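Open the model in your viewer and keep the sequence panel beside it. This tour goes stop by stop, with something to select at each one.

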Amino acid sequence: MLKLTLNGQKVALDVDPNMPLLYALRDIQQLTGTKFGCGAGLCGACTVHMDGESIRSCITPVSVVEGKTVTTIEGLGIDNAKGDELHPVQQAWLDNRVPQCGYCQAGQMMSAAALLAKNANPSDEDINNHMQGNICRCGTYPRIKKAIKQAGVMIQEVNKAKPVSGKKGVQA
């Protein structure tokens, strides 16, 4: 029995420890926002966070996340300072009409949120470097970059407004 925190909830998975995390998320936990793309960790469609870091769930054995915190696209907004709302990345994606087919977008947003958690004011070069390996077959890269910059501004505004008492700002 593997135990982890998944989108803020403690869960126990009775699965083969070598099962790719992607299948445990999609088939066992019914969290289908994370997509299968290439199966080799190259396209980014399966990106989730493990303890705040982006990982490719298609090549990560579920045993690696035992005792860790995993966040999927379904859980991205849960830690928002305002409560159970959209994360700034999700809102910026909507505002900028980023998706076309939408298949890669969960992975794109998870990678963007991880970047912005470390650097809410990324340069174009920072974005290009961090998002490298997240493939969008529709070619919405200019809108993705614009949305990341907008989300960064939103995160900076929330973090400026947070009280000194240590209350959390926007987390990814």
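Which helix does Ala 106 lie in? Select Ala 106: the helix is α3. The model is a predicted one, so read each stop as a computed result.

**Stop 1: Ala 106**

Stay on this residue. Is Ala 106 buried or exposed? Ala 106 has a relative accessibility of 10% and, because the cut-off is under 20%, counts as buried. Now show its contacts. Leaving aside residues up to four places away in sequence, Ala 106 touches Gly 33 and Ile 73. Then add Ala 45 to the selection. Ala 45 and Ala 106 are 61 residues apart in sequence, yet their C-alpha atoms are 6.7 Å apart in space.

**Stop 2: the rest of α3**

Extend the selection to the whole helix, residues 105-118. How many of the 14 residues of α3 are buried? Twelve are, so the helix is mostly covered. Among them are Gln 105, Gly 107, Gln 108, Met 109 and Met 110. Ser 111, Leu 115 and Leu 116 are also on the buried list, as are the alanines 112, 113 and 114.

What covers these buried residues? The cover includes the strands β3, β4 and β5 (69-71). It also includes the helices α2, α4 and α5.

Put a distance between the end C-alpha atoms of α3. It reads 20 Å. At 1.5 Å a residue, 14 residues should span 20 Å, so the helix length agrees with expectation.

**Stop 3: helix α5**

Select residues 141-161, which form α5. Repeat the end-to-end check. The 21 residues should span 30 Å at 1.5 Å each, and the end C-alpha atoms are 30 Å apart, which agrees.

Colour the buried residues of α5: Ile 144, Ala 147, Ile 148, Ala 151, Gly 152 and Ile 155. They cover an arc of only 145° around the axis, so they sit on the same side of α5. The general rule behind such a pattern is that an α-helix has 3.6 residues a turn, so residues three or four places apart point the same way.

What does the buried side of α5 pack against? Show α2 (88-95), α3 (105-118) and α4 (124-131); the buried residues of α5 pack against these helices. Then turn the view around. The face of α5 turned away from the buried side carries the exposed residues Pro 142, Lys 146, Glu 157, Lys 160 and Ala 161.

**Stop 4: two hairpins**

Go to the start of the chain. Select β1 (residues 2-6) and β2 (residues 9-13). These strands pair in the antiparallel sense over five bridges. Leu 4 stands opposite Val 11 in β2. The hairpin has two residues between its strands, and Asn 7 takes a positive phi near 50°.

Next, select β3 (residues 47-50) and β4 (residues 53-56). β3 and β4 run antiparallel and are joined by four bridges. His 49 stands opposite Ser 54 in β4. This hairpin also has two residues between the strands, and Asp 51 in the turn has a positive phi of about 50°.

**Stop 5: two loop residues**

Most residues other than glycine have a negative phi. Two loop residues are worth a look on that account.

Select Gln 30. Where is Gln 30 placed? It is in the loop between α1 (21-28) and β3. Its phi is positive, near 60°. Gln 30 is exposed, with a relative accessible area of 54%.

Select Arg 97, in the loop between α2 and α3. Phi of Arg 97 is near 45°, again a positive value in a residue other than glycine. Arg 97 is exposed, with a relative accessible area of 66%.

**Stop 6: the whole chain**

Zoom out and colour by secondary structure. The chain has five helices and five strands. In sequence order they follow the pattern β-β-α-β-β-β-α-α-α-α.

The C-alpha atoms fill a box of roughly 45 × 45 × 25 Å along the principal axes. A compact globule of 172 residues would have a radius of gyration near 16 Å, and the chain has 16 Å, which agrees. Of the 172 residues, 44% count as buried.

Now show contacts between residues at least 6 apart in sequence. Of these, 59% join residues at least 24 apart. Finish with the surface. The chain exposes about 8800 Å², and carbon and sulfur atoms supply 50% of that area.

Methods:
Residues numbered from 1 in each chain as written. Predicted model: local features only at pLDDT ≥ 70, side-chain atom pairs only at ≥ 80, totals over all residues. Heavy atoms only, no water. Expected span 1.5 Å × (residues − 1). Buried < 20%, exposed > 50% of the residue type's maximum accessible area, 1.4 Å probe, protein only. Arc of directions from axis to C-beta. Contact = heavy atoms within 4.5 Å. Pairing = 2+ DSSP bridges. Rg over C-alpha atoms; globule rule 2.2 N^0.38 Å. Areas by Shrake-Rupley, 256 points an atom, 1.4 Å probe, with all protein chains shown as cover.
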